[in-house]
Amino acid sequence: MSEKEKMLAGDWYDANFDESLDAERMKAKDLCFELNHIKTSDKESRHTILTKLLNYEPKALELLSPFQTDYGYNIFLGERIFINHDCYFMDGGKRFIGDDVFIGPS
């Protein structure tokens, strides 16, 4: 079983020695970098980047930068979500956040 397969199954995995996971992590970090350097008022560009990062189109998401995640594709957001500044989602395992959620700082 590959390290990515272990991760997706929710098992312990070692991302440090898996080239595909390293490439996917770098892609997510680059997308986070782009997102964090776009004006908050440029909602269209931010939405495009978030859609690439999450691999689906988020519904009614307000996410304030800076934001970081490991892979992006293990984050599942409901509708009407607010994520405040300085949020980091470690998404080696699946992260589910329901509807009408406010994630504050710290």
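A residue is called buried when its relative accessible area is under 20%, exposed when that area is over 50%, and partly exposed in between, using a 1.4 Å probe and protein chains only. By that rule Phe-102 is exposed, because its relative accessible area is 56%. The structure is a predicted model, in which local features need pLDDT of at least 70 and side-chain atom pairs count only at pLDDT 80 or more, while totals for chains, interfaces and linings use all residues. Residues are numbered from 1 along each chain as its sequence is written, and side-chain values use heavy atoms, with hydrogens and water left out.

Phe-102 has a ring partner in Phe-82, and rings of Phe, Tyr and Trp (its six-membered ring) are taken to pair if their centres lie within 6.5 Å, with planes under 30 degrees apart counted as stacked, over 60 as edge-to-face and the rest as tilted. The count by this rule comes to four aromatic pairs. Among them is a tilted one formed by Tyr-71 and Tyr-73, with 5.7 Å from centre to centre and 35° between the planes, and both of these tyrosines are buried. The pair of Phe-82 and Phe-102 is stacked, because the ring centres are 4.8 Å apart and the planes stand at 10°. Since Phe-82 lies in strand S4 (residues 81-83) and Phe-102 in strand S7 (residues 101-103), this pair ties together parts that are 20 residues apart in sequence. Phe-82 itself counts as partly exposed, at 22% relative accessibility.

Asn-84 lies in the loop between S4 and strand S5 (87-89), and Asn-84 is buried, with a relative accessible area of 14%. Contact here means heavy atoms within 4.5 Å; not counting residues up to four places away in sequence, Asn-84 touches Leu-64, Phe-102, Ile-103, Gly-104 and Pro-105.

Met-7 is placed in helix H1 (residues 3-8) and counts as buried, at 1% relative accessibility. Leaving aside neighbours within four places in sequence, Met-7 is in contact with Tyr-13, Leu-21, Tyr-71, Tyr-73, Asn-74 and Gly-92. Between the C-alpha atoms of Met-7 and Asp-42, which are 35 residues apart along the chain, the separation is 34 Å.

Helices (H or I, at least four residues) and strands (E, at least two) are DSSP runs, numbered from the N terminus. Turning to two further helices, the contact between H2 and H3 is made by Ala-28, Leu-31, Cys-32, Glu-34 and Leu-35 of H2 and by Arg-46, Ile-49, Leu-50, Lys-52 and Leu-53 of H3.
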